[in-house]
Amino acid sequence: MAETIFFNALREATDEEMARDPRVLVMGEDVGHYGGSYKVTKDLYKKYGDLRLLDTPIAENSFTGMAVGAAMTGLRPIVEGMNMGFLLLAFNQISNNAGMLRYTSGGNFTIPMVIRGPGGVGRQLGAEHSQRLEAYFQAVPGLKIVACSTPYNAKGLLKSAIRDNNPVLFFEHVLLYNLKEDLPDEEYLLPLDKAEMVRSGEDITILTYSRMRHHVMQAVKTLEKEGIDPEVIDLISLKPLDMATIAASVRKTHRVLIVEECMKTGGIAAELTAQIIEQCFDDLDAPPVRLSSQDIPTPYNGILENLTIVQPAQIVEATKKLLDNRI
Amino acid sequence: MVQERVLPATPTTRATVTREEGLMLYEDMVLGRLFEDKCAEMYYRGKMFGFVHLYNGQEAVSTGVIRALRRDANDYVASTYRDHVHALSAGVPAREVMSELFGKVTGCSKGRGGSMHLFSEPHRLLGGYAFVSEGIPVATGVAFQSKYRREAMNDPSSDGVTVCFFGDGAANNGQFFECLNMAALWKLPVIYVIENNKWAIGMAHERATSVPEIYKKGPAFGMPGVEVDGMDVLAVRGVAQEAIARARAGEGPTVIEALTYRFRGHSLADPDELRAKEEKEVWSKRDPITRLADHLLGEGLVKAEELKEIDRRIQEHVNDAVKFALDSPEPDPKDLYKYIFAED
C-alpha cells in the first residue's frame with residue numbers, strides 16, 4: 001500500500017494504460033509540457049513524447065472532434081477538459097459524433113475515447129468555472145457517464161474507462177484532487193457500471209456522487225451519534241444508473257434521499273427519482289427527497305456560493321425529516 | 001446578377017490520362033449523375049424520405065479527388081450531407097447506398113443513417129456529417145491517427161491520406177480555421193477540398209464571406225491553397241494528385257478550392273428561387289461529364305459508342321440498385337437499440 005494523492009492516482013492510471021497500450025494518448029490544453037492544470041499528466045510527455053501527450057491549441061470543439069476521428073480509426077484518445085465547463089464548446093462533437101455516431105453509422109465505427117477533467121463547484125471560481133455538466137450530457141445517447149470520488153475509485157475507474165470501447169465522460173471534482181488514500185500496490189480495475197456501497201445501513205438510502213459523497217459522510221457522523229443508521233451509496237455511474245444496487249437498497253430501507261451537486265431542474269437526481277418511482281414505488285414509505293444545488297449560475301461571493309450547493313447540515317436535517325414520519 | 005468569378009483558365013497541373021483512366025473517370029462521373037437522377041425520381045415517388053441533397057453538376061470534384069486516392073489501402077474520405085456521390089466514388093456499392101436511402105437494413109449504415117449519414121468502414125468512408133463543418137475535425141483526427149501510427153507506434157506502412165470535403169458555407173465556420181491551424185502545425189496528411197458551389201442554401205457566398213477566395217486561406221495558415229476549375233475532372237485530378245503526393249510524403253496539408261455548381265436546388269425540398277436563370281445557364285454549359293467526353297473523343301482515346309455503352313451499363317447498374325433496395329428487408333424492430341454501444 002502506498003499513500004497516493006488523488007491527482008497522482010489519475011496520473012498512475014493514465015501512465016499504466018499508456019505503458020500497456022501504445023494506442024492510448026492524451027490530448028488537450030496544457031496536458032504535455034505544463035503537465036495538466038491539476039497535474040494529472042505531469043511529466044508524462046518526457047516518457048511518452050509530444051504526440052502521445054498532445055498539447056492542443058485552445059479549440060475545444062475541434063480537438064474533441066479530432067479525438068473522435070482518431071478513435072474511429074483505432075486509437076484510444078483521452079481528452080482532458082482543462083475545466084469540464086470548457087467542453088460546452090465541444091458539445092456538438094461530444095453529442096453528435098462521440099455519442100451518436102456509432103449508432104448513426106449502423107455499427108461501422110466504434111468510438112473508444114475518454115473525456116475527463118475537473119467538474120463541479122470549486123472555491124469562488126465564478127459561474128463559468130463552476131458548472132455541473134453531468135446533467136446536460138445525460139440525455140445524449142451512446143455516452144457513458146462516470147463520476148469518481150476517491151483516489152481509489154478514481155484510479156480503478158479511469159483504467160476501466162480507458163479500456164472501454166465506448167465514449168466515456170469521466171468527471172473528476174476540482175476540490176477532490178488533494179485527497180489522499182492508501183492504494184494497493186498491485187493493479188486493479190473497477191467496473192464502470194456499478195454503484196459503490198460506501199456505508200451499509202438500515203434506516204434510509206442516501207444516494208450521492210462526486211464531492212457530495214464527502215458532504216454526506218460528514219453528515220453521517222452526526223446522524224450516527226443520534227442513533228440513525230443510513231445506507232450510503234455512491235452512484236459512480238451516472239449513466240446508466242445501477243438500478244439493481246439502488247433498488248436492493250430501497251427494498252431494505254424504504255426511504256431515499258438523493259444528494260447531488262448538479263442543478264435540480266433536469267438533474268441526475270431528477271432522472272434517478274423518476275426511475276426509483278417507476279421501479280420501486282411499492283417499496284417506498286415516503287416520497288424520495290432531492291437535495292440539489294440551487295437553479296442559479298454559481299455566484300462568486302463565498303457566502304452565496306455556500307448557499308448554492310448542499311451543505312452537511314442540510315443533509316442531516318433532510319434525513320431526520322424523512323425518518324420523522326416513520327410508521 | 002453577381003459577377004461570375006473567372007475560372008482558372010490554364011491549370012498547370014491538369015492530369016494527362018490514358019484511355020483506361022479516362023474511361024474510369026467517365027464511368028465514375030456517370031454513375032454519380034445517373035444515381036442522383038434516380039434518387040430524385042425515387043424521392044418524388046415516395047420511396048425515400050427526409051432531406052435529400054443531390055450532387056448533380058459537382059461530379060468532377062468527387063471523381064477527380066477520390067479516384068486519385070488508393071482504394072485498397074489506408075486512405076480515408078470524409079463527406080457532408082451531400083454525400084451519395086462521394087460514397088460511390090469511394091467504392092461503396094450503389095446497392096448499399098440506395099438501400100440506405102430507402103432505410104433498409106442492407107444499407108451501408110444499416111438504415112440508421114439515411115441520406116446525410118452514409119458510412120462505410122470497409123471503404124474507409126468516415127461518414128456523411130450533416131452539421132456543417134463538423135466533419136472537418138473528425139477528418140483532421142483521422143489524419144493525425146495516420147501520423148501517430150507512423151511516428152508514435154513505429155508503423156512505416158501508415159502512410160494514409162485523408163480527404164475532407166465540405167462546401168463554401170462550411171469555410172466560414174470556426175472549425176475550418178481551427179483545423180487548418182492544427183493540420184499545418186502538425187503537418188498532418190489531410191486535404192481540405194472545398195466544393196464552392198456559390199450557394200449555402202440561399203446565402204450567396206459573396207454575401208457571407210469577407211474574402212471569397214477560400215484557397216487564399218491555406219497560405220494564411222502555412223499550407224498551399226489551390227484554386228481549380230471544379231467542372232474539369234482532369235484539372236481536379238491534377239491538383240489532387242499533387243496534394244496527395246505531398247501529404248503522403250509527410251509535407252503536410254493542402255487546401256483545394258474547387259469552383260463548381262449544383263445543377264439542382266440545395267435539397268429536393270428547396271424551391272431554388274434565388275439563383276438567377278442566367279447563372280444556371282452559364283454553369284450548365286460547363287457540364288463536367290460532357291467536358292470529359294469531349295476531351296476523350298477529341299484526343300481519340302475513345303469512341304462515342306463506347307461512352308454510350310457505359311451510359312447504358314451504368315443505368316442498368318443504378319436500376320439494379322433500386323431493385324435491390326426495394327427487395328431488401330426493413331431493419332428488425334427488435335434491433336432498435338442495436339449499435340448504441342460497441343458491444344451491441
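This tour passes through a predicted model, with stops at two pockets, one helix and the interface of two chains.

**First stop: the largest pocket**

Begin by selecting B:Thr80, B:Tyr81, B:Phe166, B:Gly167 and B:Asp168, the lining residues that lie nearest the centre of the largest pocket. The space they mark amounts to about 330 Å³, and 26 residues line the pocket in total.

Next, colour helix H5 (135-151), strand E3 (162-167) and strand E5 (199-200) of chain B, the elements that each give two or more residues to this lining. Among these, E3(B) provides the largest share, three residues. Colouring the lining by class should then show twelve nonpolar, ten polar and four charged residues.

**Second stop: the second largest pocket**

Move the selection to B:Glu27, B:Asp28, B:Leu31, B:Arg71 and B:His317, which lie nearest the centre of the second largest pocket. Its volume is about 210 Å³, and its lining comprises 14 residues.

Two helices of chain B are worth displaying here: H1 (19-44) and H12 (304-327) each supply at least two lining residues. The largest share, four residues, comes from H1(B). By class, the lining of this second pocket has seven nonpolar, two polar and five charged residues.

**Third stop: helix H2 of chain B**

Select residues 59-66 of chain B, which form helix H2. Is this helix mostly covered or mostly uncovered? Helix H2 of chain B is mostly covered, with eight of its eight residues buried. Stepping along the helix, one passes B:Glu59, B:Ala60, B:Val61 and B:Ser62, followed by B:Thr63, B:Gly64, B:Val65 and B:Ile66, each of them buried. The buried set thus includes the charged residue B:Glu59 as well as B:Gly64.

**Fourth stop: the interface of chains A and B**

Finally, show both chains and select the residues in contact: 46 from chain B and 43 from chain A. Between them, the two chains bury an area of about 3500 Å². Carbon and sulfur atoms give 67% of that area.

On the chain B side, highlight B:Phe144, B:Tyr148 and B:Phe341. These residues supply 17% of the area that chain B buries against chain A, more than any other three residues. How many salt bridges does the rule find across the interface of chain B and chain A? The number found is zero.

How values were computed. Residues are numbered from 1 along each chain as its sequence is written. Chains are lettered from A and ligands numbered from 1 in the order in which they are written. This is a predicted model: local features need pLDDT of at least 70, side-chain atom pairs count only at pLDDT 80 or more; totals for chains, interfaces and linings use all residues. Side-chain values use heavy atoms; hydrogens and water are left out. On a 1 Å grid over the protein atoms alone, a cavity is a set of points where a 1.4 Å probe fits but cannot get out, and a pocket is an open set with protein on both sides within 12 Å along at least five of seven lines; lining residues have an atom within 4 Å of a point. Grid points are joined across faces, edges and corners, and a volume is the space filled by probe spheres set on the points. Buried means under 20% relative accessible area, exposed over 50%, partly exposed in between (1.4 Å probe, protein chains only). Contact means heavy atoms within 4.5 Å. Buried area is the accessible area (1.4 Å probe) that two parts lose on being put together, summed over both. A salt bridge is a side-chain nitrogen of Lys or Arg within 4 Å of a carboxyl oxygen of Asp or Glu.
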